[in-house]
Amino acid sequence: PTPMTSFLLATMKFVDDLFKNHPAELTCAIAENLPTLNIDRTRIRQVLLNLLNNAKRFTNQGWVRVEARQVDENVVISVTDTVPGIAEEDLPYLFDEFYQVDYSSSRKHGGAGLGLAVSKHFVQAHAGLIWVDSHPGEGACFTFTLPIPAQAPTRKRNPLRTSDPASMAG
């Protein structure tokens, strides 16, 4: 069981160091009353770190923002940035293993193209969804959900039943 608000705030504190001497400003808006979820903390932290590391690598100016809130029966976590944006033809393949937007020999950004694929697997293992919204020149927003388990119905005591034999005498 993981209290999501404190978990996400602790992760953001850790990530602050990644952005210390970086031109992009890191901000966050994490709801104070997120529920406690049964998650694999290491895997979900890795998803968030992958998204933030990508945002840092591709955002040379502007900002990176992490938001977390409850929407219906999900905790929704987003990483939005001011990258140049991702071309529409690349969007369907971003979560594929080894897919990279820039395959040229002069590409500026390292990586094997596994971070988003691994993140997708981790989120799906938690019965969540992950996706991206992006348009060239407008930045990118990577979002993933973690479902809140349904509360088991509480058993209500039947007022007509009792274990007191005296009340059964008629």
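This report describes the confidence, the sheet and the helix packing of a predicted model.

## Confidence of the model

The structure is a prediction. The protein chain has an average pLDDT of 81, and 78% of its residues score at least 70. Over residues 103–112 the pLDDT is below 50, and this stretch has 11 contacts in the model beyond near neighbours in sequence.

Residues 154–170 also have a pLDDT under 50. For residues 154–170, the model has 3 contacts beyond four places in sequence.

## The sheet

Five strands form an open sheet with mixed pairing, in the order β2-β4-β5-β7-β6. The edges are held by β2 (25–30) and β6 (130–134); each has a single partner strand, so one side of each is left without a neighbour in the sheet. On average, neighbouring strands of this sheet are turned by 15° against each other, direction ignored.

The edge strand β2 pairs with β4 (residues 63–71) in the parallel sense, over 6 bridges. Within this pairing, Cys 28 has Val 66 in β4 as its bridge partner.

## Helix α1 on the sheet and against α2

Helix α1 (residues 4–15) lies across four strands of the model, namely β2, β4, β5 (74–81) and β7 (140–147). Its direction is at about 175° to β2.

Helix α1 also packs with α2: their axes come within 11 Å and cross at roughly 45°. This angle makes α1 oblique to α2, and the crossing is right-handed. From α1, the residues Phe 7, Leu 8, Thr 11, Met 12, Phe 14 and Val 15 meet Arg 41, Ile 44, Arg 45, Leu 48, Leu 49 and Leu 52 in α2. By class, the contact of α1 with α2 contains 9 nonpolar, 1 polar and 2 charged residues.

## Helix α2 against α3

Helix α2 (residues 41–58) also packs with helix α3 (residues 115–125), at an angle of about 150° and with the axes 9 Å apart. Because an angle over 145 degrees counts as roughly antiparallel, α2 is roughly antiparallel to α3. The crossing of α2 and α3 is left-handed, whereas α1 passes α2 in a right-handed one.

On the α2 side, the contact involves Arg 43, Gln 46, Val 47, Asn 50, Leu 51 and Asn 54; these meet Gly 115, Leu 116, Ser 119, Phe 122 and Val 123 in α3. The residues of this contact divide into 5 nonpolar, 5 polar and 1 charged.

Note on methods: Residues numbered from 1 in each chain as written. Predicted model: local features only at pLDDT ≥ 70, side-chain atom pairs only at ≥ 80, totals over all residues. Heavy atoms only, no water. Axes fitted to C-alpha atoms, helices over the stretch in contact; angles between N-to-C directions. Helix = DSSP H or I, 4+ residues; strand = E, 2+ residues; numbered from the N terminus. Parallel < 35°, antiparallel > 145°, perpendicular 65-115°, else oblique. Left-handed = near helix turned anticlockwise from the far one by under 90°. Contact = heavy atoms within 4.5 Å. Nonpolar A, V, L, I, M, F, W, Y, C, P; charged D, E, K, R; others polar. Pairing = 2+ DSSP bridges. pLDDT = per-residue confidence, 0-100.
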